[in-house]
Amino acid sequence: LRWRGSDATGAWDSAEALVGQQTIEDGRRNRDSGSNYEDRESNLDTSRGLAFQASKAIGARHHLTYGLDHYEDEVESSRTRTDVVTGATGVRAPRFPDGSTMSQAGAFVADDWSVGERLDVLGGVRWNMSRTRLPASGGFAATTVEDDGFTGNLGVACALTESVRFIANLGQGFRAPNVFDLGTYGDRPGNRFNVPNPDLEPEQVTTLDAGWKVRNDRMEGELIGFYSRYRDKITSVLTGEVTDSGRLVVQSQNAARLVLYGAEFSVRHRLSDSVESRTQLTWTRGEETLAGDSYPADRIPPLNGSAGITWRPATRWTLDGWLNFADQQDRYSPRDEVDPRI
């Protein structure tokens with residue numbers, strides 16, 4: 001449900017409030033090669049949330065945006081194991097502690113400051129809190145994990161000419177560990193078996209991006225480069241143990257550092273009144289460091305993009321053709337290399 005307030009008040013020029021609910025069902029059936037045991041599990045996540053955002057002009061140079069949000073997640077999880085030879089069925093520890101909850105709340109304020117005709121400065125700050133409760137499950141005791149902190153960003157946009165603008169942004173953020181990070185128990189891809197870790201801390205990230213935007217009567221495009229550095233990244237770490245079925249036991253830990261960098265390019269060009277071309281390219285590299293070893297980061301795509309052309313021969317008709325492409329993928333993390341899905 002959405003409410004919009006377009007009538008100006010002393011608190012806002014415009015405002016919007018949203019409330020919603022989402023339910024995700026995840027059922028799985030797993031059986032190891034050569035095993036007589038089949039596991040069936042059911043996971044249900046119900047998420048309820050509300051958000052409010054308002055904007056207010058302060059004089060001719062400042063435009064404030066502020067708001068708050070709150071989300072509640074509840075996880076129901078169960079698992080059974082059946083001997084396909086005898087038909088005997090028993091209850092197993094679920095993938096996630098049944099009845100786990102995660103509560104998140106935050107508030108923010110941002111100011112778009114028109115310093116002059118050519119320069120805009122955007123600054124913002126946000127406070128965020130999360131609380132995750134995990135019931136006892138799979139031999140692990142019940143626990144509650146609480147995290148909170150401030151994040152912020154500072155950006156500038158400078159008009160170099162009437163059609164060219166330089167932009168740059170510096171931001172800092174964190175991600176609190178969720179139920180998946182803290183409480184996953186069971187088989188994982190790559191012949192792994194995950195055990196919970198209730199002692200995780202939030203991930204921290206600092207990102208810088210900068211580039212140019214161009215816009216005129218016939219062309220619109222941008223070229224942006226970015227660099228992100230993660231600290232205390234949550235990653236799966238081998239514990240040195242092996243299950244009876246031969247799976248490697250892993251646990252999520254704040255053990256890695258990660259650097260991501262790359263560039264994005266896009267352009268739309270109006271060739272005539274009825275023909276328009278478009279091109280997009282994305283290049284990303286990632287390097288992760290764990291226990292002194294550096295290797296390519298997980299699941300970083302190779303150079304990829306698309307090119308297309310649109311023809312409008314008449315008001316009611318459009319002919320659109322495009323090509324998607326990607327370079328060869330030859331940079332795999334150790335986890336990618338043993339993942340049967342890859």
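## Exercises on a predicted model

L1 has a relative accessibility of 81% and therefore counts as exposed, where exposed means over 50% relative accessible area, buried under 20%, and partly exposed in between (1.4 Å probe, protein chains only). The structure is a predicted model, in which local features need pLDDT of at least 70 and side-chain atom pairs count only at pLDDT 80 or more, while totals for chains, interfaces and linings use all residues. Residues are numbered from 1 along each chain as its sequence is written, and side-chain values use heavy atoms, with hydrogens and water left out.

**Exercise 1.** Place L1 along the chain and find the nonpolar surface patch to which L1 belongs.

*Solution.* Begin with the sequence, where L1 is found in the segment before β1 (2-5); helices (H or I, at least four residues) and strands (E, at least two) are DSSP runs, numbered from the N terminus. Then turn to the surface, where L1, V19, L50 and L68 make a nonpolar patch of about 410 Å². Such patches are made of residues with over 30% relative accessible area and no salt bridge, nonpolar side chains (Val, Leu, Ile, Met, Phe, Trp, Tyr) being joined within 5 Å and like charges within 9 Å.

**Exercise 2.** Which residue forms a salt bridge with E16, and which parts does the pair tie together?

*Solution.* First apply the rule that a salt bridge is a side-chain nitrogen of Lys or Arg within 4 Å of a carboxyl oxygen of Asp or Glu. The partner of E16 is R4, with the closest N and O atoms 3.0 Å apart. Because E16 lies in strand β2 (residues 14-30) and R4 in strand β1, the pair ties together parts that are 12 residues apart in sequence. Next compare their exposure: E16 is partly exposed at 24% relative accessibility, whereas R4 is exposed at 59%. Finally, widen the view, since R2, R4 and E16 are linked in a network of salt bridges.

**Exercise 3.** Describe the salt bridge of R270 and the exposure of the two partners.

*Solution.* R270 pairs with D273, and their closest N and O atoms are 3.3 Å apart. R270, at 27% relative accessibility, counts as partly exposed, while D273 is exposed, with a relative accessible area of 74%.

**Exercise 4.** Is N194 buried or exposed, and what does the side chain of N194 reach?

*Solution.* N194 lies in strand β11 (residues 192-195) and has a relative accessible area of 4%, so N194 is buried. The side chain of N194 reaches the backbone oxygen of T184 at 2.9 Å. Contact, meaning heavy atoms within 4.5 Å, also links N194 with residues including Y185, G186, S236 and V250, once neighbours within four places in sequence are left aside.

**Exercise 5.** How many residues make up the largest nonpolar core?

*Solution.* A nonpolar core is a set of buried Ala, Val, Leu, Ile, Met, Phe, Trp, Tyr and Cys residues joined through side-chain atoms within 4.5 Å. The largest one has 9 residues in all, namely V75, F96, M102, L134, V145, V179, L182, L200 and I234. M102 also touches residues beyond four places away in sequence, among them Y71, E72, R131 and P177.

**Exercise 6.** Where is T284 found, and what does T284 touch?

*Solution.* T284 is found in strand β15 (residues 275-290) and, at 17% relative accessibility, counts as buried. Not counting residues up to four places away in sequence, T284 touches F226, Y261, G262, I300 and P301.

Definitions and conventions. A polar contact is a pair of N or O atoms within 3.5 Å; within protein, one must be able to donate a hydrogen and the other to accept it, and residues adjacent in sequence count only if both atoms are side-chain atoms. Accessible areas come from the Shrake-Rupley method with a 1.4 Å probe; for residues, only the protein chains shown count as cover.
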